[in-house]
Amino acid sequence: TKTNSGLVEYCKAQVGLPYWYGCFGQIADQNLLDMKRRQYGAYYGYSDFKGQFGKRVHDCAGLIKGYLWSETPTSAPKYNSEQDLGATGLYNYGCSKKGNIGSFDYVPGRLLFKRSTTGDGMSHVGVYVGKNENGVGMVIEAKGHLYGVVRSTFDSKWTNWGQCKYISEDTQT
């Protein structure tokens, strides 16, 4: 069973790993790089990809899919087309409950979204992981190639939240 606390633990284990667009926890190698360059060439212009070989790689929605499709934080993911949703799809179809950030209840393991500035969808998704030792809300997100998977503070850039319907709630505020 996949749970909110399991998602939080998975995300914590991915902090510091690289961001690769279109990935969901696969191990980076030349074959994956070649495939992703064919699929999403514009996202693969950096020169440092080969130095990331051997590491797990995710994009923002891939961080959630990596958890859903992997038995452990280090095991190979098994693709599931039903759950293959980007940030907008996760919000629109993949959340059993959701709302604007003003109604957020601060439950660890909830998904946080940033609304697109150019359209109706969501441009980014992260995972709320609870408060740090100073009482500040924290998010883990696959932020982009220059950042990788990072822990960041919960702030006003997050516009919406949701409870992933493929994950059982087992954490509280």
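Which residue caps the N-terminal end of H3? That is Asp-59, which places a side-chain oxygen 3.4 Å from the backbone nitrogen of Ala-61. Bear in mind as you look around that this is a predicted model.

## Helix H3, from the cap onward

Past that cap, H3 turns out to be mostly covered, with 10 of its 10 residues buried. Reading along the helix, the buried set is Cys-60, Ala-61, Gly-62, Leu-63, Ile-64, Lys-65, Gly-66, Tyr-67, Leu-68 and Trp-69. Note that Lys-65 is on that list too.

What does H3 lie across? The helix sits over S4, S5, S6 and S7, and runs at about 55° to S5. H1 also lies across strands of the sheet, namely S4, S5, S6, S7 and S8, but its angle to S5 is about 100°.

## The sheet underneath

The strands form an open sheet of 6, in the order S3-S8-S4-S5-S6-S7, with antiparallel pairing. S3 and S7 (149-153) take the edges; each has a single partner strand, so one side of each is left without a neighbour in the sheet. From one strand to the next, the twist averages 30°.

Now for the pairings around S4. S4 and S5 run antiparallel and are joined by 5 bridges, and a hairpin of 6 residues links the two. In this pair, Leu-111 faces Val-127 of S5. S4 is also joined to S8 (residues 160-164), again antiparallel, this time through 3 bridges; here Leu-112 stands opposite Trp-161. S4 is mostly covered, with 4 of its 5 residues buried.

On to the next pair: S5 and S6 are antiparallel as well, over 4 bridges. Lys-131 is found opposite Gly-137 of S6.

## Two cores

In soluble globular proteins, nonpolar side chains tend to be buried together. In this model the largest nonpolar core has 31 residues, and Leu-111, Phe-113 and Val-125 have the most contacts inside it. Helices H1 (4-14), H3 (60-69) and H4 (87-93) each give two or more residues to this core, as do strands S4 (111-115), S5 (122-131) and S6 (137-142). H3 supplies the largest share, 7 residues. Apart from this core lies another, of 8 residues, including Trp-20, Ala-28, Tyr-44 and Val-57.

Leu-111 is a handy residue to click on. Setting aside neighbours within four places in sequence, Leu-111 is in contact with Leu-7, Ile-64, Cys-95, Val-125, Gly-126, Val-127, Asn-160, Trp-161, Gly-162 and Cys-164.

## Arg-110, just before S4

Is Arg-110 buried or exposed? Arg-110 is buried, because its relative accessible area is 1%, below the 20% cut-off. This arginine is in the loop between S3 (95-100) and S4. Its side chain makes a polar contact of 2.6 Å with that of Asp-105.

There are plenty of other residues to look at around it. Beyond four places in sequence, the contacts of Arg-110 include Asn-4, Lys-97, Phe-104, Tyr-128, Gln-163 and Glu-169. Gly-126 and Val-127 of the S5 stretch are on the list of Arg-110 contacts as well, along with Trp-161 and Gly-162.

## Cysteines without partners

How many disulfides does the structure hold? The count is 0. Cys-23 is in no disulfide, and the nearest cysteine sulfur, that of Cys-60, is 12 Å away. Cys-23 counts as buried, at 1% relative accessibility.

Why is Cys-95 not bonded to the closest cysteine, Cys-164? The two sulfurs are 6.1 Å apart, which is too far for a bond; the cut-off is 2.5 Å. Cys-95 counts as buried too, at 9% relative accessibility.

## A partly exposed spot on H4

To finish, look at Asn-92, which is placed in helix H4. Asn-92 is partly exposed because its relative accessible area is 38%, and the partly exposed class runs between 20% and 50%. Asn-92 and Val-125 are 33 residues apart in sequence, while their C-alpha atoms are 12 Å apart in space. Val-125 is one of the residues with the most contacts inside the largest core.

How values were computed:
Residues numbered from 1 in each chain as written. Predicted model: local features only at pLDDT ≥ 70, side-chain atom pairs only at ≥ 80, totals over all residues. Heavy atoms only, no water. Core = buried A, V, L, I, M, F, W, Y, C linked by side-chain atoms within 4.5 Å. Buried < 20%, exposed > 50% of the residue type's maximum accessible area, 1.4 Å probe, protein only. Contact = heavy atoms within 4.5 Å. Pairing = 2+ DSSP bridges. Polar contact = N/O pair within 3.5 Å; in protein donor to acceptor, adjacent residues only side chain to side chain. Axes fitted to C-alpha atoms, helices over the stretch in contact; angles between N-to-C directions.
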